[in-house]
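Please report on the fold shown here. Cover the sheet, the cores, two buried sites and the model confidence.

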Amino acid sequence: LGVIEVDSNSSTAINASGNAIVSGSTIQVVGHVLTSGNAHLSAPLVTGAASFADPLAGLAVPSATGMTSFGAVNVSGNSSSTINPGIYTQISVAGNGRLTMNPGIYVIAGGGFNISGNANVTGNGVLIYNAGSNYNGGSGSTFGSVTLSGNGNISLTPMTAGAYANVQIGRASCRERV
């Protein structure tokens with residue numbers, strides 16, 4: 001497990017609820033942590049950490065070249081689905097839904113990545129890049145949230161080679177940086 005660094009000074013820089021478990025070798029947060037229900041952090045926690053430069057600031061935005069646009073994916077109830085890398089307006093898995101993500105880059109263009117209920121999401125060699133609605137010339141600058149809630153199981157591993165090796169979730173800034 002790697003280090004989790006949250007460079008937000010918000011009172012809810014990490015907000016874990018329900019039965020959420022946040023695991024890492026250590027968790028360093030500039031702001032504060034809010035937990036409720038049975039949620040817990042299973043790593044040494046440092047709050048009030050010094051703000052730090054984005055270690056991924058020089059990482060290029062994933063290119064849209066060769067990527068397919070799929071629109072939104074919503075898996076709910078007791079359904080299951082397997083998806084391929086590409087550009088999605090939103091990925092949402094709820095209820096007892098099961099989603100398998102094939103290896104590659106998943107660009108979320110504005111609608112967010114939301115997992116709730118007893119959903120099960122798995123994938124090896126996956127990068128989730130929260131690019132915002134203006135990705136690849138889109139209009140606006142809406143960023144959907146990355147929300148992991150409920151009692152589900154999220155088991156994703158990052159790519160192990162290439163420019164995005166060991167990066168699980170990235171987000172573009174106003175200047176389109178990770």
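## Parallel sheet

Val 6 has Val 29 in strand 4 as its bridge partner. Strands, like helices, are DSSP runs numbered from the N terminus (H or I of at least four residues for helices, E of at least two for strands). This is a predicted model, where local features need pLDDT of at least 70, side-chain atom pairs count only at pLDDT 80 or more, and totals for chains, interfaces and linings use all residues. Residues are numbered from 1 along each chain as its sequence is written, and side-chain values use heavy atoms, with hydrogens and water left out.

Strand 1 (residues 3–6) runs parallel to strand 4 (residues 26–29), joined by four bridges. Strand 4 also pairs with strand 7 (residues 45–47), again in the parallel sense, over three bridges. Pairing requires at least two DSSP bridges between two strands. The matched residues are listed here.

| Residue | Opposite residue |
|---|---|
| Val 6 | Val 29, strand 4 |
| Ile 27 | Leu 45, strand 7 |
| Val 29 | Thr 47, strand 7 |

Together the three strands form an open sheet in the order 1-4-7. Strand 1 and strand 7 are the edges; each has a single partner strand, so one side of each lacks a neighbour in the sheet. From one strand to the next, the twist averages 10°. Angles run from 0 to 180 degrees between N-to-C directions, with axes fitted to C-alpha atoms (for helices, over the stretch in contact).

## Two buried sites

Is Thr 26 buried or exposed? Thr 26 is buried, at a relative accessible area of 16%. The cut-offs are under 20% for buried and over 50% for exposed, with partly exposed in between (1.4 Å probe, protein chains only). Thr 26 belongs to strand 4. Its side chain reaches the backbone oxygen of Pro 44 at 3.2 Å. Leaving aside neighbours within four places in sequence, Thr 26 is in contact (heavy atoms within 4.5 Å) with Gly 2, Val 3, Ile 4, Ala 43 and Pro 44.

Gly 144 sits in the loop between strand 15 and strand 16 (146–148). Gly 144 is buried too, with a relative accessible area of 13%. Residues up to four places away aside, Gly 144 touches Gly 110, Gly 111, Gly 112 and Asn 130. Its C-alpha atom is 13 Å from that of Ile 115, 29 residues apart along the chain.

## Nonpolar cores

A nonpolar core is a set of buried Ala, Val, Leu, Ile, Met, Phe, Trp, Tyr and Cys residues joined through side-chain atoms within 4.5 Å. The largest one has 17 residues. Ile 83, Ile 91, Leu 99, Met 101, Phe 113 and Val 121 have the most contacts inside it. Strands supplying at least two residues each include strand 8 (69–75), strand 11 (98–101) and strand 15 (126–130). Strand 10 gives the largest share, three residues. A second, separate core of 13 residues includes Ile 87, Ile 105, Tyr 135 and Met 159.

What does Leu 99 contact beyond four places in sequence? The partners are Val 75, Ser 81, Ile 83, Ile 91, Val 93, Asn 120, Val 121 and Thr 122.

## Confidence

The pLDDT, the predictor's confidence in each residue from 0 to 100, averages 85 over the protein, and 93% of the residues score at least 70. Among the elements, strand 9 (residues 80–83) has the highest mean, 98, and strand 18 (residues 169–171) the lowest, 73. Residues 173–178 fall below 50, and this stretch has 20 contacts in the model beyond near neighbours in sequence. Where pLDDT is low, predicted coordinates should not be read in detail.

Definitions and conventions:
A polar contact is a pair of N or O atoms within 3.5 Å; within protein, one must be able to donate a hydrogen and the other to accept it, and residues adjacent in sequence count only if both atoms are side-chain atoms.
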